[in-house]
Amino acid sequence: MGESLVSKKFLAKTESAEYFRMHPDVNVLKIGGQSIMDRGSKALFPIIDVLLQAKEQFKILLMTGGGTRARHVYNIGVDLGMPTGVLSKLGDKVSSQNAEMLAVLLAKHGGVRIGHGDHLEQLTMFCQEGYLPITTGIPPYGFFEHPAEFGSIPPHRTDSGAFLLAENIGAKSLIYLKDERGLYSDDPKKAKNIEELQFIDRISVSDLMTMDLDDLIVERPVLTFLKNSKCLKQFQVIDALRHPEHILAALNGEHVGTIVYKD
């Protein structure tokens, strides 16, 4: 009781051989904002069809990204000289809007929006009753957001929020639904010749951090989270835009994109 909670020696003693997992059967699926939601019905409706099939077989929590509208408000805020914490407060509204739209689209099929951090202990119950819970992906850092290592864009956005929630509920899996096959050595949208890029189908988080790539398909803090995780051992990034069927495959434990795993 008299410890400062700073001592490395003391903190090492708090390590557990096995951590309690609140929802070990729940799969967290994060739907990209710019990659999926911003593309409208053409992109989203085929994914919804697959999600409706999946919810009959799997327990699922959907989380939404921000996308282009978040980037717009970041751009304005940066131009005005806003600090990182203020940008975080500004950008979190868009992910919430996307969660609301997704909940409306899925309402007649049991889609239910849950509050940010509310009712998480009831996730398994929602799934067992036939509901499809949906929440915003943005973590609630707000004014308490960490200073960015480079620039001022909030480092913890919706990819980070999805990982943190999946880790802390002890989820079965974490799958990022994107518009690319997975991780490449550089951004394939900007590359002049995608064939010259290296596709990385499976890699340890330590090796990926050592590569120190200029760009990544997930937010950089996610790598640190995985390196320090207690429950999650890996996450997978899949192309749900061109291959919605990969969602079912990934939920079945198949390797259909890029898997980043804990050493």
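How many aromatic pairs does a search of the whole structure find? The count comes to 4. Keep in mind while reading that this is a predicted model. Here are my notes, point by point.

1. One aromatic pair to look at. Tyrosine 176 and phenylalanine 235 sit edge-to-face, with 5.4 Å from centre to centre and 90° between the planes. They come from distant parts of the chain: tyrosine 176 belongs to strand S5 (residues 173–178), phenylalanine 235 to strand S9 (residues 234–239), and the two positions lie 59 residues apart in numbering. As for cover, tyrosine 176 is buried, at a relative accessible area of 0%, and phenylalanine 235 is buried too, at 1%.

2. Helix H6. If you colour the model by accessibility, H6 will show up as mostly covered, since 9 of its 11 residues are buried, where buried means under 20% relative accessible area. Among the buried ones are Phe163 and Leu165, but the list also takes in Asp159 and Glu167. Just after the helix, glycine 170 adopts a positive phi of about 65°.

3. A salt bridge from H6 to S5. Lysine 178 pairs with aspartate 159, and their closest N and O atoms are 3.2 Å apart. Lysine 178 is in strand S5 and aspartate 159 in helix H6, so this contact ties together parts that are 19 residues apart in sequence. Buried or exposed, then, for lysine 178? Lysine 178 is buried, with a relative accessible area of 9%. Its partner, aspartate 159, also counts as buried, at 4% relative accessibility.

4. A small network. Arg39, Asp179, Glu180 and Lys189 are joined into one network by salt bridges that share partners. For the whole structure, the salt bridge total is 12.

5. One link in that network, close up. The side chains of aspartate 179 and arginine 39 meet in a salt bridge at 2.6 Å, N to O. Both residues are in loops: aspartate 179 in the one between S5 and strand S6 (183–184), arginine 39 in the one between strand S1 (26–31) and helix H2 (41–54). That makes them 140 residues apart, so to speak a link between distant parts of the chain. The cover is uneven here: aspartate 179 is buried, at a relative accessible area of 7%, while arginine 39 counts as partly exposed, at 41%.

6. A bridge between sequence neighbours. Glutamate 56 and lysine 55 bring their side chains together in a salt bridge of 3.5 Å, N to O. Which of the two is exposed? Glutamate 56 is exposed, with a relative accessible area of 61%. Lysine 55, on the other hand, is buried, at 17%; it falls in that class because the cut-off for buried is under 20%.

7. The surface. Look for a patch of negative charge, where Glu149, Asp186, Asp212 and Asp214 gather. Where is glutamate 149 placed? Glutamate 149 lies in the loop between strand S4 (132–136) and helix H6 (158–168). With a relative accessible area of 71%, glutamate 149 is exposed. Set that against aspartate 159 over in H6, another acidic residue, which is buried at 4%.

Definitions and conventions:
Residues numbered from 1 in each chain as written. Predicted model: local features only at pLDDT ≥ 70, side-chain atom pairs only at ≥ 80, totals over all residues. Heavy atoms only, no water. Patch = residues over 30% accessible without salt bridge, like charges linked within 9 Å, V, L, I, M, F, W, Y side chains within 5 Å. Areas by Shrake-Rupley, 256 points an atom, 1.4 Å probe, with all protein chains shown as cover. Salt bridge = Lys/Arg side-chain N within 4 Å of Asp/Glu carboxyl O. Lys, Arg positive; Asp, Glu negative; His and termini not counted. Charge placed at Lys NZ, Arg CZ, Asp CG, Glu CD. Helix = DSSP H or I, 4+ residues; strand = E, 2+ residues; numbered from the N terminus. Buried < 20%, exposed > 50% of the residue type's maximum accessible area, 1.4 Å probe, protein only. Phe/Tyr/Trp six-rings, centres within 6.5 Å; stacked < 30°, edge-to-face > 60°.
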